[in-house]
Structures are given as C-alpha cells and as structure tokens.
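I set out to record how the strands pair, where the nonpolar cores lie, and which residues surround the enclosed and open spaces. The entries below follow the order in which I looked these points up.

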Amino acid sequence: MNAFDIARHSPARLHGWKSGLCRKALSAAPSVSRSKLYGNKLYFLARSVKKTVSVCASNNFSAGSGYLQYRFGQKDALEMVFPDLAESALASQFVQARTLMFSGGGGGYLRFINGQHHYIVYTAIGKGWGAKDGVAVEKDNQLIANLECQDIPVSKLSEEFFTRAGLLADPNEFQIPGID
C-alpha cells in the first residue's frame with residue numbers, strides 16, 4: 001500500500017459492504033452462472049448525497065481471470081453496471097488505471113471505458129486542497145459530470161493492485177476536478 005491507500009482505507013469501513021452494490025449485482029445478473037459470481041471483493045466504495053459508486057471484483061480476479069466491474073446507483077436500484085458479466089472480456093480491454101503524485105499526498109484512479117463514455121473512479125489527497133474522491137463522467141473526452149464523495153470512501157486502489165490486475169496505464173492523465 002502507498003500513502004493514499006493507507007490514508008483513505010479503513011478495514012472497519014469494510015464491515016457490512018456485502019449489503020451494498022457489490023452484493024446487489026449478484027442478483028442483478030441472472031444470465032451469469034453462480035460459479036462465475038461466487039464471492040465479490042470491494043475495491044472502491046463511495047457515497048454521494050443519493051448515489052453510491054462501487055468497484056467490485058470476483059475473488060479470482062487477476063490479469064487473466066475473473067471480473068472487475070463498475071456499479072452505480074442506489075442500494076435498491078442499480079442504474080449502471082459495466083461491463084455486463086455475460087461478456088467474457090478481460091478487464092484490461094475496458095479499464096485503464098493510473099497513480100497520481102501530489103505535493104503532500106497522492107492518488108489513483110480507474111477509467112472504465114464504455115464507448116464514448118468514460119467513468120473515472122478516483123481518490124486522492126494533497127497538501128493545500130485535502131481529499132478528493134468520487135466518480136467523474138466524460139463523453140468524447142469532455143467532463144460532463146462529477147459526483148464527489150460525501151464521506152470517507154473505502155479504497156484499495158494502488159499501483160500494486162493495478163499491476164496485479166494487468167491494467168494498462170491511462171495514456172491521458174485524468175485531472176481531478178477542483179484541483180488547480
């Protein structure tokens with residue numbers, strides 16, 4: 001773990017995560033076998049005023065197996081799940097990642113690529129501006145929405161995770177909204 005993982009991740013906050021979006025999508029994917037869905041790991045969880053964003057993975061997730069998935073919505077009503085688990089593509093085909101360096105901190109993000117739309121889950125901390133966490137949405141490389149977390153997120157985003165997952169580095173470094 002690096003500085004932004006330790007500062008942003010608390011094991012106590014993971015208690016009860018199965019009742020959140022990672023568990024919810026299990027019942028939301030009836031076309032996928034239960035063996036493929038057995039077990040979920042939470043890699044990111046943040047809440048805005050009315051919505052939750054989660055990044056979930058199968059217990060067997062690695063560069064060559066399992067799944068990594070972006071989930072957004074309310075606990076009782078998922079609005080978006082990407083990618084569809086019925087697809088058998090590797091995460092590296094639709095997710096890019098990058099760590100960020102800032103004075104007095106650091107951060108990281110995952111970019112989920114769904115055609116012209118990109119969903120960027122980010123977490124960072126820096127001297128002079130504090131913590132920034134949330135999900136940004138881009139269309140045609142233009143920011144169209146940014147939902148910041150209302151509380152401290154659960155985050156396991158790290159260079160070690162990105163490498164183990166076989167995720168390619170995002171060639172276009174994401175600029176966290178609100179940081180000048």
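Entry 1, strand pairing. I began with strand E5 (residues 95-102), which pairs with E6 in the antiparallel sense over eight bridges. The model is a predicted one. For valine 95, I found the bridge partner in E6 to be phenylalanine 112. Two residues lie between E5 and E6, and the two strands form a hairpin. In that turn I noted glycine 104, with a positive phi of about 75°.

Entry 2, the other neighbour of E6. I then followed E6 to strand E7 (residues 117-126), and nine bridges join the two in an antiparallel arrangement. Across from glycine 108 I found threonine 123 in E7. E6 and E7 also form a hairpin with two residues between them. Glycine 115 in this turn has a positive phi of about 65°.

Entry 3, burial of E6. Is strand E6 (residues 105-114) mostly covered or mostly uncovered? I recorded it as mostly covered, with seven of its ten residues buried.

Entry 4, nonpolar cores. I looked up the largest nonpolar core, which has 28 residues. The members that touch the most others are Leu68, Tyr70, Leu110, Phe112 and Leu167. For leucine 110 I listed the contacts, leaving out residues up to four places away in sequence. Among them are Val55, Val95, Ala97, Tyr119, Val121, Leu157, Phe161 and Leu167. Apart from this core lies another, of eight residues, including Leu100, Tyr109, Ala136 and Ile176.

Entry 5, the enclosed space. How many cavities of 30 Å³ or more are there? I counted one cavity of that size. The largest cavity has a volume of about 60 Å³. Its lining includes Ala46, Arg47, Lys51, Phe72, Gly134, Leu147 and Cys149. Strands E1 (40-47), E2 (52-58), E8 (130-139) and E9 (142-148) are the elements that each give two or more residues to this lining. By class, I noted six nonpolar, three polar and three charged residues in the lining of the largest cavity.

Entry 6, the open space. I turned last to the largest pocket, which holds about 190 Å³ of space. Which residues lie nearest the centre of the largest pocket? Of the 14 that line it, I recorded Arg111, Glu138, Asn141, Glu173 and Phe174 as nearest. The lining of this pocket has five nonpolar, five polar and four charged residues.

Technical notes:
Residues are numbered from 1 along each chain as its sequence is written. This is a predicted model: local features need pLDDT of at least 70, side-chain atom pairs count only at pLDDT 80 or more; totals for chains, interfaces and linings use all residues. Side-chain values use heavy atoms; hydrogens and water are left out. A nonpolar core is a set of buried Ala, Val, Leu, Ile, Met, Phe, Trp, Tyr and Cys residues joined through side-chain atoms within 4.5 Å. Buried means under 20% relative accessible area, exposed over 50%, partly exposed in between (1.4 Å probe, protein chains only). Contact means heavy atoms within 4.5 Å. On a 1 Å grid over the protein atoms alone, a cavity is a set of points where a 1.4 Å probe fits but cannot get out, and a pocket is an open set with protein on both sides within 12 Å along at least five of seven lines; lining residues have an atom within 4 Å of a point. Grid points are joined across faces, edges and corners, and a volume is the space filled by probe spheres set on the points. Ala, Val, Leu, Ile, Met, Phe, Trp, Tyr, Cys and Pro count as nonpolar, Asp, Glu, Lys and Arg as charged, and the others, Gly among them, as polar. Helices (H or I, at least four residues) and strands (E, at least two) are DSSP runs, numbered from the N terminus. Two strands pair if DSSP finds at least two bridges between them.
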